[in-house]
Amino acid sequence: MAQKNQLSTILEPRVSKAKPPPLYKVLLLNDDFTPMEFVIEVLQRFFEMNRERATQIMLKVHQEGMGVCGVFPKDIAATKVDLVVSFSRQHQHPLQCVMEET
């Protein structure tokens with residue numbers, strides 16, 4: 001009688017930890033030409049801030065040279081930067097918006 005070889009495969013549970021995607025800060029940079037009201041409008045329109053919060057961030061940009069508008073995944077941060085820069089240029093303001101990894 002032929003003997004059957006039985007191979008048994010035992011799967012061990014493997015714990016893999018996926019890292020969350022890196023987050024990016026979106027920053028507005030101060031300049032001497034963009035009106036404060038325009039900066040407040042940008043913060044309300046593109047970052048869904050109320051007027052009080054937008055004013056606080058605008059003052060931080062004005063006094064400290066930059067201010068954080070929000071923290072987002074890379075694609076969202078890049079889109080917000082593009083939207084803000086495009087909107088600023090359409091209204092002939094030199095407002096700079098950049099992103100940096102947290």
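Which helix lies across β1, β2 and β3? Helix α3, residues 74-90, is the one, and α3 runs at about 165 degrees to β3. Keep in mind that everything in these views comes from a predicted model.

**View 1. Three strands make up an open sheet.** Reading across, the order is β2-β1-β3, and the pairing is antiparallel. On the edges sit β2 (66-73) and β3 (96-101), each of which pairs on one side only. From one strand to the next, the twist averages 25 degrees. Strands in a sheet pair through backbone hydrogen bonds, which can be either parallel or antiparallel. Helix α3 lies across β1, β2 and β3.

**View 2. Strand β1 meets β2 through seven bridges.** The two strands run antiparallel. To find your way along this pairing, start from Y24: its bridge partner in β2 is F72. The F72 side chain is buried at 18% relative accessibility, and F72 comes back in the aromatic views below.

**View 3. Strand β1 meets β3 through six bridges.** Here β1 covers residues 23-29, and again the two strands run antiparallel. Two pairs make handy landmarks. V26 has M99 as its bridge partner in β3, while L28 stands opposite C97 in β3. Both V26 and L28 are among the residues with the most contacts inside the largest nonpolar core.

**View 4. Two cysteines, C69 and C97, have sulfurs 5.5 Å apart.** Is there a bond here or not? The sulfur of C97 is the closest cysteine sulfur to that of C69, but 5.5 Å is too far for a bond. A disulfide would need the two sulfurs within 2.5 Å. Looking from the other end, C97 is in no disulfide either, and its nearest cysteine sulfur is that of C69. The disulfide count for the model is zero. Both side chains are tucked away: C69 counts as buried at 8% relative accessibility, and C97 is buried too, with a relative accessible area of 4%.

**View 5. The largest nonpolar core has 23 residues.** Which residues have the most contacts inside this core? They are V26, L28, V42, L43, F47, V84 and L95. Several elements chip in: β1, α1 (36-47), α2 (51-64), β2 and α3 each supply at least two core residues. Helix α1 gives the largest share, with seven residues.

**View 6. V42 is in contact with F47, V84, F87 and L95.** That list leaves aside neighbours of V42 within four places in sequence. Also worth finding in this view is L83, which sits in helix α3. The C-alpha atoms of L83 and V42 are separated by 9.6 Å, although the two residues are 41 residues apart along the chain. Is L83 buried or exposed? Neither, quite: at 42% relative accessibility, L83 counts as partly exposed.

**View 7. F38 and F87 form a stacked ring pair.** The model has three aromatic pairs in total. A pair of aromatic rings is described by the distance of the centres and the angle of the planes. For F38 and F87, the centres are 5.4 Å apart and the planes are at 10 degrees, so the pair is stacked. Because F38 lies in helix α1 and F87 in helix α3, this pair ties together parts that are 49 residues apart in sequence. Both residues are buried: F38 has 6% relative accessibility, and F87 has a relative accessible area of 7%. Pull F46 into the picture as well, since ring pairs link F38, F46 and F87 into a cluster.

**View 8. F47 and F72 form a tilted ring pair.** Their ring centres are 6.3 Å apart and their planes are at 35 degrees, so the pair counts as tilted. F47 lies in helix α1 and F72 in strand β2, so the pair ties together parts that are 25 residues apart in sequence. At 8% relative accessibility, F47 counts as buried; F72 is buried as well, at 18%. Two earlier views connect here: F72 is the bridge partner of Y24, and F47 is one of the residues in contact with V42.

Note on methods: Residues are numbered from 1 along each chain as its sequence is written. This is a predicted model: local features need pLDDT of at least 70, side-chain atom pairs count only at pLDDT 80 or more; totals for chains, interfaces and linings use all residues. Side-chain values use heavy atoms; hydrogens and water are left out. Buried means under 20% relative accessible area, exposed over 50%, partly exposed in between (1.4 Å probe, protein chains only). Two strands pair if DSSP finds at least two bridges between them. Helices (H or I, at least four residues) and strands (E, at least two) are DSSP runs, numbered from the N terminus. Axes are lines fitted to C-alpha atoms, for helices over the stretch in contact, and angles run from 0 to 180 degrees between N-to-C directions. Contact means heavy atoms within 4.5 Å. A nonpolar core is a set of buried Ala, Val, Leu, Ile, Met, Phe, Trp, Tyr and Cys residues joined through side-chain atoms within 4.5 Å. Rings of Phe, Tyr and Trp (its six-membered ring) pair if their centres lie within 6.5 Å; planes under 30 degrees apart count as stacked, over 60 as edge-to-face and the rest as tilted.
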